[in-house]
Every structure is written in C-alpha cells, then in structure tokens.
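Thanks for asking me to look this one over. Here are my notes, point by point, to read with the structure open beside you.

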Amino acid sequence: MKLLSEQEALLKLTSLCSTAEHCRQEMRERMQRWQIDEETQGRILDHLTNHRFIDEERFCRAFAKDKIRYNKWGRRKVEQALLLKRIPIDIQRKVLGEIDEQEYLDVLLPLLASKRKDIQGKNAYERNGKLMRFALQRGFTMDIIRRCMEEDGRYEDD
C-alpha cells in the first residue's frame, strides 16, 4: 500500500466526513491504518475539527439516536459504545440526558412484546426473569424495564 501524503489523507477524510458523521477516534484509527505519524494525525484532526467536519457532540447525538431507534439499544449500551469511541463523558451525559424517556419506552415496549412470544419458562417468574435479562443485555435500565413490563399489562404474577 502506498503511503498517503498529509494532503491526500486530509482530502480523503474530509470527503468521508462530508457524507456521514464520524468522531475523532474513527479518523485516528483510519490514519493509523494508513501509517500516518502521530504529529500529522494531530494536525489533520485539528483541521477537521476546526472546520467542523468532525464535531463530537453532533456525532454523539446522531450515533445515540440511530442506535436507539434502529438497533433498539438502551442507554447503557449506547454509553458503552460511546466510551469505546472515546467521546468525552460530559458530551455523553448531555446528549443522553436530552433523550426523552418516552422514546426509550416506545423502543422497549414492542421489543419486549416481540420477545415475550419466544420466551419459554416453567412459570411466570422464570419468563419475566428471562425477559428482564434480555432487556438488560440490550442496555436498558431496570427502572425502564419494569415500567414497560407493568405498562404492557402482561407483567405476569403467577
């Protein structure tokens, strides 16, 4: 693979950032694969940030919205993914705090209803436990899971 010049890398990354939201960490990983030295990476990242090709808060907002709506993830799973992307905690808190709790309910209610059909268990207690574990693995918090299960009206009580 031919090594890219700073200008070529900058051109490729600006083009990439023009078509979709990306964060600094994604751009850094890409430049590392291209074997661009750290000093050059810093200059390129500064340029992308200063010219608003990269905006961590904008990325975080788009990422969280997509993962909740389309991947049916809960807050905890989104937080974990954002940590892996090295998004600052203060930005994460701000963006995740803006998400309406009703949006989580709108995602989780149909998810639980769909999963409930597939769950097998000896009794209601066991089935509810499996349903809760499923929702926890999706990144939802226990308080929202309970609210959804109670709101759904099928929170079984053998």
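1. Let's start with α5 and α6, which pack at an angle of about 150 degrees with their axes 11 Å apart. Angles over 145 degrees count as roughly antiparallel, so α5 and α6 are roughly antiparallel to each other. The crossing in which α5 passes α6 is right-handed. Please keep in mind throughout that this is a predicted model.

2. Which residues bring α5 and α6 together? From α5 come Arg75, Val78, Glu79, Leu82 and Leu83, and they meet Ile89, Gln92, Leu96 and Gly97 in α6. By class, the residues of this contact divide into five nonpolar, two polar and two charged.

3. Moving to the other partner of α5, helix α4 (residues 56-69) packs against helix α5 (residues 75-84) at an angle of about 140 degrees, and their axes are 10 Å apart. Roughly antiparallel would need an angle over 145 degrees, and α4 and α5 are therefore oblique to each other. Here too the crossing is right-handed, with α4 passing α5.

4. On the α4 side of that contact you will find Phe59, Cys60, Phe63, Ala64, Lys67 and Ile68, while α5 supplies Val78, Ala81 and Leu82. The residues of the contact of α4 with α5 divide into eight nonpolar, no polar and one charged. Val78 and Leu82 are worth a click: they meet α4, and they also take part in the contact with α6.

5. Two loop residues deserve a look at their backbone angles. As background, most residues other than glycine have a negative phi. Lys72 is not a glycine, yet its phi is positive, about 60 degrees. You will find Lys72 in the loop between α4 and α5. Is Lys72 buried or exposed? Neither label fits, because its relative accessibility is 31% and Lys72 counts as partly exposed.

6. The second is Arg86, a residue other than glycine with a positive phi near 60 degrees. Arg86 lies in the loop between α5 and α6 (89-98). With a relative accessible area of 58%, Arg86 is exposed; the cut-off for that label is over 50%.

7. Further along the chain, helix α7 (residues 101-116) and helix α8 (residues 124-137) have axes that come within 10 Å and cross at roughly 135 degrees. α7 and α8 are therefore oblique to each other, and their crossing is right-handed. Leu108, Leu111, Leu112, Lys115 and Arg116 of α7 make the contact with Leu131, Phe134 and Ala135 of α8. Sorted by class, the contact of α7 with α8 has six nonpolar, no polar and two charged residues.

8. While you are looking at α7, please check Pro110, which lies in this helix. Pro110 counts as partly exposed, at 47% relative accessibility. How far apart are Pro110 and Cys148 in sequence and in space? They are 38 residues apart in sequence and 9.4 Å apart in space, C-alpha to C-alpha.

9. Back at the N-terminal end of the numbering, Thr14 is found in helix α1 (residues 6-19). Thr14 has a relative accessible area of 13% and is buried, since the label applies under 20%. Leaving aside neighbours within four places in sequence, Thr14 is in contact with Leu48 and Phe53.

10. Now for the overall picture. The protein has nine helices and zero strands. Its radius of gyration is 21 Å, well over the 15 Å that the globule rule gives for 158 residues, so the protein is more spread out than a compact globule. Taken along the principal axes, the box filled by the C-alpha atoms is roughly 70 × 35 × 25 Å.

11. Two totals round this off. Of the 158 residues of the protein, 41% count as buried. How many of the contacts between residues at least 6 apart in sequence join residues at least 24 apart? The share is 62%.

Key: Residues numbered from 1 in each chain as written. Predicted model: local features only at pLDDT ≥ 70, side-chain atom pairs only at ≥ 80, totals over all residues. Heavy atoms only, no water. Axes fitted to C-alpha atoms, helices over the stretch in contact; angles between N-to-C directions. Helix = DSSP H or I, 4+ residues; strand = E, 2+ residues; numbered from the N terminus. Parallel < 35°, antiparallel > 145°, perpendicular 65-115°, else oblique. Left-handed = near helix turned anticlockwise from the far one by under 90°. Contact = heavy atoms within 4.5 Å. Nonpolar A, V, L, I, M, F, W, Y, C, P; charged D, E, K, R; others polar. Rg over C-alpha atoms; globule rule 2.2 N^0.38 Å. Buried < 20%, exposed > 50% of the residue type's maximum accessible area, 1.4 Å probe, protein only.
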